[in-house]
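Trainee: I would like to learn how to read a protein model. Can we go through one together?
Mentor: Gladly. Let us take one feature at a time.

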Amino acid sequence: MKRRLLTTVREDPQPRTYCSDFAIYTMVTTTAVLSYVNALNGDFVHDDIPAIVTNGDVVGTNSLRQLFLDDYWGMPMADANSHKSYRPLTTLSFR
């Protein structure tokens with residue numbers, strides 16, 4: 001039995017329109033902003049107070065070097081009461 005060769009089919013891709021891409025990105029960004037804009041005037045609650053409001057690493061009373069030596073809650077990592085949660089980039093973004 002002989003095999004037939006299949007012919008190659010070339011599909012012409014649809015031309016991309018940058019206008020439609022821009023419209024989609026604009027709609028997604030607008031939806032995200034409108035979803036969270038009401039939270040900008042909110043208060044800190046629960047664990048936000050010790051992690052952000054009273055944390056010396058976040059408010060800037062401690063040095064930048066100290067930020068990398070403390071845990072997420074602003075306690076020295078060597079302290080027995082430390083939570084041992086080391087997140088310096090998160091703390092730096094809060095600062």
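**Reading the model**

Mentor: Start with the rings. This is a predicted model, and the count of aromatic pairs in it comes to 2.

Trainee: How is the pair of Tyr72 and Trp73 arranged?

Mentor: Look at two things: the distance between ring centres and the angle between planes. Planes over 60 degrees apart count as edge-to-face. Tyr72 and Trp73 have 85° between their planes, so they are edge-to-face. Their centres lie 4.9 Å apart.

Trainee: Which residues form the aromatic cluster?

Mentor: Tyr72, Trp73 and Phe94 form one cluster.

Trainee: Are Tyr72 and Trp73 buried or exposed?

Mentor: Use relative accessible area. Under 20% is buried, over 50% is exposed, and in between is partly exposed. Tyr72 is at 11%, so it counts as buried. Trp73 is at 25%, so it counts as partly exposed.

Trainee: What share of the residues of the chain count as buried?

Mentor: The figure is 16% of the 95 residues.

Trainee: Now the fold. How many helices and strands does the chain have?

Mentor: Count the elements, then read their order. There are 5 helices and 0 strands. From the N terminus the order is α-α-α-α-α. Next, check the spread. The radius of gyration is 27 Å, whereas the globule rule gives 12 Å for 95 residues, so the chain is more spread out than a compact globule.

Trainee: What does the C-alpha trace span along its principal axes?

Mentor: It spans about 80 × 40 × 25 Å.

Trainee: What do the contacts say about residues far apart in sequence?

Mentor: Take the contacts between residues at least 6 apart in sequence. Of these, 27% join residues at least 24 apart.

Trainee: And the surface? How much of it belongs to carbon and sulfur atoms?

Mentor: The accessible surface comes to about 8,600 Å², and 61% of that belongs to carbon and sulfur.

Trainee: How many charged side chains are there of each sign?

Mentor: There are 9 positive and 10 negative side chains. Also ask where each set is centred. The two centres lie 23 Å apart.

Trainee: Let us try single residues. Where is Phe68, and what does it touch?

Mentor: Place the residue first, then list its contacts. Phe68 is in the loop between H4 and H5. Leaving out residues up to four places away in sequence, Phe68 touches Tyr86, Pro88 and Leu92. Phe68 has a relative accessible area of 36%, so it is partly exposed. Phe22 makes a useful check on distance. Phe68 and Phe22 are 46 residues apart in sequence and 40 Å apart in space, C-alpha to C-alpha.

Trainee: Which residues is His83 in contact with?

Mentor: Set aside neighbours within four places in sequence. His83 is then in contact with Asp71 and Trp73. His83 and Asp71 are 12 residues apart in sequence, and their C-alpha atoms are 6.9 Å apart. His83 lies in the loop between helix H4 (64–67) and helix H5 (88–94). At 53% relative accessibility, His83 counts as exposed.

Trainee: What about backbone angles? What is phi of His46?

Mentor: Look at the sign of phi, and check whether the residue is glycine. Phi of His46 is near 50°, a positive value in a residue other than glycine. His46 sits in the loop between helix H1 (18–36) and helix H2 (48–53). At 72% relative accessibility, His46 is exposed. Lys84 also has a positive phi, about 65°, and is not a glycine. Lys84 is in the loop between H4 and H5. Lys84 is partly exposed, at 48%.

Technical notes
Residues are numbered from 1 along each chain as its sequence is written. This is a predicted model: local features need pLDDT of at least 70, side-chain atom pairs count only at pLDDT 80 or more; totals for chains, interfaces and linings use all residues. Side-chain values use heavy atoms; hydrogens and water are left out. Helices (H or I, at least four residues) and strands (E, at least two) are DSSP runs, numbered from the N terminus. The radius of gyration is taken over C-alpha atoms; the globule rule is 2.2 Å times the number of residues to the power 0.38. Buried means under 20% relative accessible area, exposed over 50%, partly exposed in between (1.4 Å probe, protein chains only). Contact means heavy atoms within 4.5 Å. Accessible areas come from the Shrake-Rupley method with a 1.4 Å probe; for residues, only the protein chains shown count as cover. Lys and Arg count as positive and Asp and Glu as negative; His and the chain ends are not counted. The place of a charge is taken as NZ of Lys, CZ of Arg, CG of Asp or CD of Glu. Rings of Phe, Tyr and Trp (its six-membered ring) pair if their centres lie within 6.5 Å; planes under 30 degrees apart count as stacked, over 60 as edge-to-face and the rest as tilted.
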